[in-house]
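Hi everyone, thanks for coming. I'd like to walk you through one structure today, so please have the viewer open and follow along.

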Amino acid sequence: MANPTATATLNKANYAVGETMVLTVNHADADRQTITVAGTVTDSAGNVANWSTTATIDAGVVAITSSGGKTWTLQAGSTASQSIFNAVA
Amino acid sequence: MPTVSGTVTDSSGNVAPWSTSWTVDTTPVLEPTWTGVDWSTVAPSSPDYCPTYSTAYKAIRAYRNDHPRDVVAAYPGVKVIGVTDNQNWNVTGGQATADAIVDMAIDFYEGSGSAARQGIGLDVAIQNETDNKFTSGTLPAAMVTTQRLTYEGLHQLKANGQPRFPMVDVGLDMTTYQLRVNGSGPRYKVMVPYIDAMFGSYYPIHRDDNPVVNWGDYGLYCDVFYQTMLDWRTVKPGLRKMAVWEVGSPIDRNMPSGAPNNGGTTNWTKRPTYFTGGTDSTGKTWEGFYQYNRRKAQEINAWMRYQCYWNRQDNPIIPNPFKHDAAQGTNALAPRWLAISG
């Protein structure tokens, strides 16, 4: 099982008081993959309904362990490999 | 330097740490303060009193009711004109005085050629250095009435409810000497309901020491204005606007006749650094008169809108004019005074 990798960047190095800070945590994992599990349901008359769903293996959980005195809010644009947080400088 | 850090953990519990840091600029942002100069009673100013770059000044101090028009025509960069008229405006003249001042505003903003003057402010006080004229006792009732009528006239509304003269502010022109020595601040509080601003003469208290100018701390003669503003706010909450209507000093040394550079020993670096900041040749670092007052106003949530240098001091004991260090070129006071205008 491979270890995950992660990098964190801010949109700026220096902020004015009150300015919005955007933190982006990009992470990857060699084991991460999205799989699709699919199947069918068949009734007694032979009617078939298809179903499928996806699952991510080794998605990676992003956590903030030291906030630097700021309140970081996860943003809606985050994905399986990129978490975006905002805070106020 | 603050840091945010965290981890990414996979399903097996493997952890990848991450962190990043940032800085926050805590330098206070000051409201802009313009610099300017006078358009004295001997207008137009002669070249050696007002170097050519005076046309770039944003603030001008005028002393006659008919001079603002001339100022705009001569100084295309002007944004605000501080005006009094001790000869034509009677400080106890009641409605007649108020009408004359309103007539000036009408002419300036609605008269011939006024289209070019719409964006220029007029700061009006009835009397130049008023507390030098009333140094003790209760102010005359007629003086308060005249102030009220003038304030009301300049703040009149049009039929649509909008101000007729939105670029006009009314104020009192006070002096550091009377504020400190004779307590003019409390005495003038009766006028404060009828002002928008506090103007003043901020002359350094040892500028006329002879032969050596005593370059004293700014607070000795400036802080009294901010203390007075705080006191005046008990009568007029929200009072913010301030301006230096006059300040000046000789260069470093005078001769008994008043001519500068006594015995060729003038330190030419003193006056420019004292007024505009920097380190003089002795190693003394000055914040700068301009910077000090812009900051002090900010500290009490006031706005030092502009500072005008009195360039027409003809008293031979106090040779203030810019011309006395003009030979210093870009290190003279005049170009530095213009350059720091915010």
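**A buried asparagine, and outwards from there**

Let's begin inside chain B. Setting aside residues up to four places away in sequence, Asn320(B) touches Tyr203(B), Arg207(B), Gly248(B), Ser249(B), Pro250(B), Arg271(B), Tyr309(B), Trp310(B) and Gln313(B). Before going further, please keep in mind that this is a predicted model.

So where is this residue? Asn320(B) sits in the loop between β13 and α9 of chain B. Is Asn320(B) buried or exposed? Its relative accessibility is 0%, so Asn320(B) counts as buried. One of its contacts can be described in more detail: a polar atom of the Asn320(B) side chain lies 3.4 Å from the backbone nitrogen of Ser249(B).

Staying in chain B, have a look at helix α8, which runs over residues 289-299. Which of its residues are buried? They are Phe289(B), Tyr290(B), Tyr292(B), Asn293(B), Arg294(B), Lys296(B) and Ala297(B). What covers these buried residues includes three helices, α6 (219-232), α7 (270-276) and α9 (333-339) of chain B. The cover also includes the strands β4 (34-39), β10 (241-246) and β13 (303-309) of chain B. You'll recognise β13 and α9 from a moment ago, as the elements on either side of the Asn320(B) loop.

Now for the backbone, since I know some of you like to check torsions. Most residues other than glycine have a negative phi. Just after α8(B) comes Asn301(B), with a positive phi of about 60 degrees. Asn301(B) belongs to the loop between α8 and β13 of chain B. Glu129(B) is another one to click on: its phi is near 45 degrees, a positive value in a residue other than glycine. Where is Glu129(B)? You'll find it in the loop between β7 (121-124) and α3 (141-154) of chain B. Glu129(B) has 14% relative accessibility and therefore counts as buried.

Let's move across to chain A and its sheet. Four strands of chain A form an open sheet in the order β1-β3-β8-β7, with antiparallel pairing. β1 and β7 (73-74) stand at the edges with a single partner strand each, so one side of each has no neighbour in the sheet.

We can go through the pairings in turn. β1(A) and β3(A) run antiparallel to each other over 6 bridges, and Thr5(A) has Ala28(A) in β3(A) as its bridge partner. On to β3(A) and β8(A), the latter covering residues 82-88: they pair in the antiparallel sense over 7 bridges. Two residue pairs help to fix the register here. Thr20(A) has Val88(A) as its bridge partner, and Val25(A) stands opposite Ser83(A). As a reminder for anyone colouring by face, side chains in a regular strand alternate between the two faces of the sheet.

Following β3 in chain A, we reach Arg32(A), in the loop between β3 and β4 (33-42). This arginine is buried, with a relative accessible area of 17%. What does Arg32(A) contact, leaving aside neighbours within four places in sequence? The list is His27(A), Thr56(A), Ile57(A), Asp58(A), Ala59(A), Gly60(A), Ala80(A) and Ser81(A). For a distance to check in your viewer, the C-alpha atoms of Arg32(A) and Val61(A) are 12 Å apart, with their positions 29 residues apart along the chain.

Finally, let's put the two chains together. The contact draws on 33 residues from chain A and 23 residues from chain B. About 2000 Å² is buried between them, and carbon and sulfur atoms give 59% of that. β1 (5-10), β2 (14-16), β3 (20-28) and β6 (61-66) of chain A each supply at least two residues to the side that touches chain B. That side of chain A divides into 19 nonpolar, 11 polar and 3 charged residues.

How many salt bridges are found across the interface? The rule finds 0. For polar contacts, it finds 10 residue pairs, both residues being at pLDDT 80 or more.

There is strand pairing between the chains as well. β6(A) pairs with β1(B), residues 3-9, in the antiparallel sense over 5 bridges. Within that pairing, Val62(A) stands opposite Val8(B). One last residue to visit is Ala13(A), in the loop between β1 and β2 of chain A. Ala13(A) counts as exposed, at 58% relative accessibility, and it touches Trp22(B) and Thr23(B), not counting residues up to four places away in sequence.

That's my tour, and I'm happy to take questions.

Terms used:
Residues numbered from 1 in each chain as written. Chains lettered and ligands numbered in written order. Predicted model: local features only at pLDDT ≥ 70, side-chain atom pairs only at ≥ 80, totals over all residues. Heavy atoms only, no water. Contact = heavy atoms within 4.5 Å. Buried area = accessible area lost by both parts, 1.4 Å probe. Salt bridge = Lys/Arg side-chain N within 4 Å of Asp/Glu carboxyl O. Polar contact = N/O pair within 3.5 Å; in protein donor to acceptor, adjacent residues only side chain to side chain. Nonpolar A, V, L, I, M, F, W, Y, C, P; charged D, E, K, R; others polar. Pairing = 2+ DSSP bridges. Buried < 20%, exposed > 50% of the residue type's maximum accessible area, 1.4 Å probe, protein only.
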